[in-house]
Amino acid sequence: MAELLAQRCFLSSSSGRASLSLSCEQRKSPTFVALRRGSFPRIEPLRSSFGSSGFHRRTLAIGAPRGKLLRGRFSSVPVQMALSIGKSLKWWEKGLQANMKEIESAQDLVDSLLNAGDKLVIVDFFSSGCGGCRALHPKICQFAEKNPDVVFLQINYEKLKSMCYSLHVHVLPFFRFYRGAHGRLGSFSCTNATIKKFKDALAKHSTDRCSLGPAKGLEESELLALAANTDLSFNYAKKPSLFPSPDDVAERARASPKVPVLATLSDTQDSEDKAMVTAGR
């Protein structure tokens, strides 16, 4: 039966049943008669599986019915055909850990930094077409696995190019470190050849510490730049400051009307001393 099923056996895309193309002599053979007395090859249900190669795969198994077709003479020989249907993972989607997240928008980045609290946050800027980013990605995943308390945020430069321009990111791969009320701790670009720079920064900023106050996140200038970008749907209002900056003081002085300057106490005392000296003469 295995030889019979192997001849011109194909899966019909319209009906979903296995069909056989046989000659008249083959139809009269005992094997074909045994097949007709049985049933068509059964189609097992789809089984989902995930391989180590990074493919989502579905297997369709087609085989002959189990049991004996003709007692004492023939036994069914299972014939299976596997069809792998699926989609491969992108290289930046492989090896991701639970503490790794891809940023979808400017608001998502701001919220993720504020919600991290006192945890160290590493923002990874990458591009799908960057060879250095692709080579460095497995090592970043290893660092994320060994440091579960550190939050790794991934920003795809190709998807969020306008946001990266507002954040002044023009070199890839690029990393920025944030933590609690301290805000941004540092930023740099590195590759596999200079991975020691990343290791040193991770060891320096991942030590236990307690921030006094809520998480700061992005700098004020960065938030204003994101809000000014018309390509982004991000709104931000500048927070009032308790202590005005020198620029604000100068602006208020130019806007306010001129007020006559009053004499100070020292000037008044000097005038009285001069008057007494004149009267003594």
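Visitor: Why is strand S10 called largely enclosed by the rest of the structure?

Guide: A residue counts as buried when its relative accessible area is under 20%, with exposed meaning over 50% and partly exposed in between, using a 1.4 Å probe and protein chains only. Six of the six residues of S10 (residues 174-179) meet that definition, so the strand is largely enclosed by the rest of the structure. This is a predicted model, in which local features need pLDDT of at least 70 and side-chain atom pairs count only at pLDDT 80 or more, while totals for chains, interfaces and linings use all residues. Residues are numbered from 1 along each chain as its sequence is written, and side-chain values use heavy atoms, leaving out hydrogens and water.

Visitor: Which residues point one way from S10, and which the other way?

Guide: Phe-174, Arg-176 and Tyr-178 point one way, whereas Phe-175, Phe-177 and Arg-179 point the other way, and all are buried. In a regular strand the side chains alternate between the two faces of the sheet.

Visitor: What makes S10 a paired strand, and with which strand does it pair over six bridges in the antiparallel sense?

Guide: Strands are DSSP runs of E with at least two residues, helices are runs of H or I with at least four, and both are numbered from the N terminus. Two strands pair if DSSP finds at least two bridges between them. S8 (residues 120-126) and S10 are antiparallel and have six bridges, with Phe-125 standing opposite Phe-174. S10 is also joined by six bridges to S11 (residues 183-189), again antiparallel, and there Arg-176 has Ser-187 as its bridge partner. S10 and S11 form a hairpin with three residues between them, and Gly-180 in the turn has a positive phi of about 45°.

Visitor: What makes a set of residues a nonpolar core, and which members of the largest one touch the most others?

Guide: The set must consist of buried Ala, Val, Leu, Ile, Met, Phe, Trp, Tyr and Cys residues joined through side-chain atoms within 4.5 Å. The largest such core has 24 residues, of which Leu-109, Val-123, Ile-155, Met-163 and Leu-218 touch the most other members. Helix H4 (106-115), S8, S9 (151-156), H6 (161-166), S10 and H8 (220-228) each supply at least two residues of this core, and H4 gives the most, with four.

Visitor: Which residues does Leu-218 touch, not counting residues up to four places away in sequence?

Guide: With contact meaning heavy atoms within 4.5 Å, Leu-218 touches Leu-109, Val-110, Leu-113, Leu-167, Tyr-178, Leu-223 and Leu-226.
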